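I sat down today to look at how the helices pack and what lines the main pocket. Here are my notes, in the order I looked things up.

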Amino acid sequence: APAKPTVSAAMMTDKQKRMIFALIARKNLSPESVSDILEREFGHSDGARLTKFDASKLIGNLLAM
């Protein structure tokens, strides 16, 4: 059996979540646009599954838009 990872990736923080929602609102992004970005960058459209690293990347992408 494959070894289980000892540490799972830390999920995004509440602060990151608030920043993402604020940027989405500031950029006037539709839910469809956000889903497209998540799908393209992370292979899924479930924002709740983002890790700290993913959230950091998403924040950077949103700031660059």
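**Pocket first**

I started with the largest pocket, which has a volume of about 160 Å³. I'm keeping in mind that this is a predicted model.

Next I pulled up the lining: M12, K17, I20, F21, I24, V34, L38, G47, A48, L50 and L58. I checked which elements give two or more residues to it, and those are α1 (14-26) and α2. α1 gives the most, with four residues. Sorted by class, the lining of the largest pocket has nine nonpolar, one polar and one charged residues.

**α1 against α3**

Then I turned to the helix pairs. The axes of α1 and α3 come within 10 Å and cross at roughly 25°. Angles under 35 degrees count as roughly parallel, so I put α1 down as roughly parallel to α3. I noted the hand of this crossing too: left-handed.

Who touches whom here? From α1 I listed Q16, M19, I20, L23 and I24, and across from them in α3 sit K52, A55, S56, L58, I59, L62 and L63. By class, I get nine nonpolar, two polar and one charged residues for the contact of α1 with α3.

I20, I24 and L58 caught my eye, as they belong to this contact and also appear in the pocket lining.

**α2 against α3**

Last pair. Helix α2 (residues 31-42) and helix α3 (residues 52-64) have axes that come within 11 Å and cross at roughly 125°. I therefore wrote this pair down as oblique. The crossing of α2 past α3 is right-handed, whereas I had a left-handed one for α1 and α3.

On the α2 side the contact takes in I37, L38, E41 and F42, and on the α3 side D54, K57, L58, N61 and L62. I sorted these residues as five nonpolar, one polar and three charged.

Two cross-references to close the page. L58 and L62 of α3 meet α2, and both are also on my list for α1. L38 and L58, from the α2 and α3 contact, turn up in the lining of the largest pocket as well.

Methods: Residues numbered from 1 in each chain as written. Predicted model: local features only at pLDDT ≥ 70, side-chain atom pairs only at ≥ 80, totals over all residues. Heavy atoms only, no water. Axes fitted to C-alpha atoms, helices over the stretch in contact; angles between N-to-C directions. Parallel < 35°, antiparallel > 145°, perpendicular 65-115°, else oblique. Left-handed = near helix turned anticlockwise from the far one by under 90°. Contact = heavy atoms within 4.5 Å. Nonpolar A, V, L, I, M, F, W, Y, C, P; charged D, E, K, R; others polar. 1 Å grid on protein atoms, 1.4 Å probe; cavity = no way out; pocket = protein on both sides within 12 Å on 5 of 7 lines; lining within 4 Å. Points joined across faces, edges and corners; volume = space filled by probe spheres on them.
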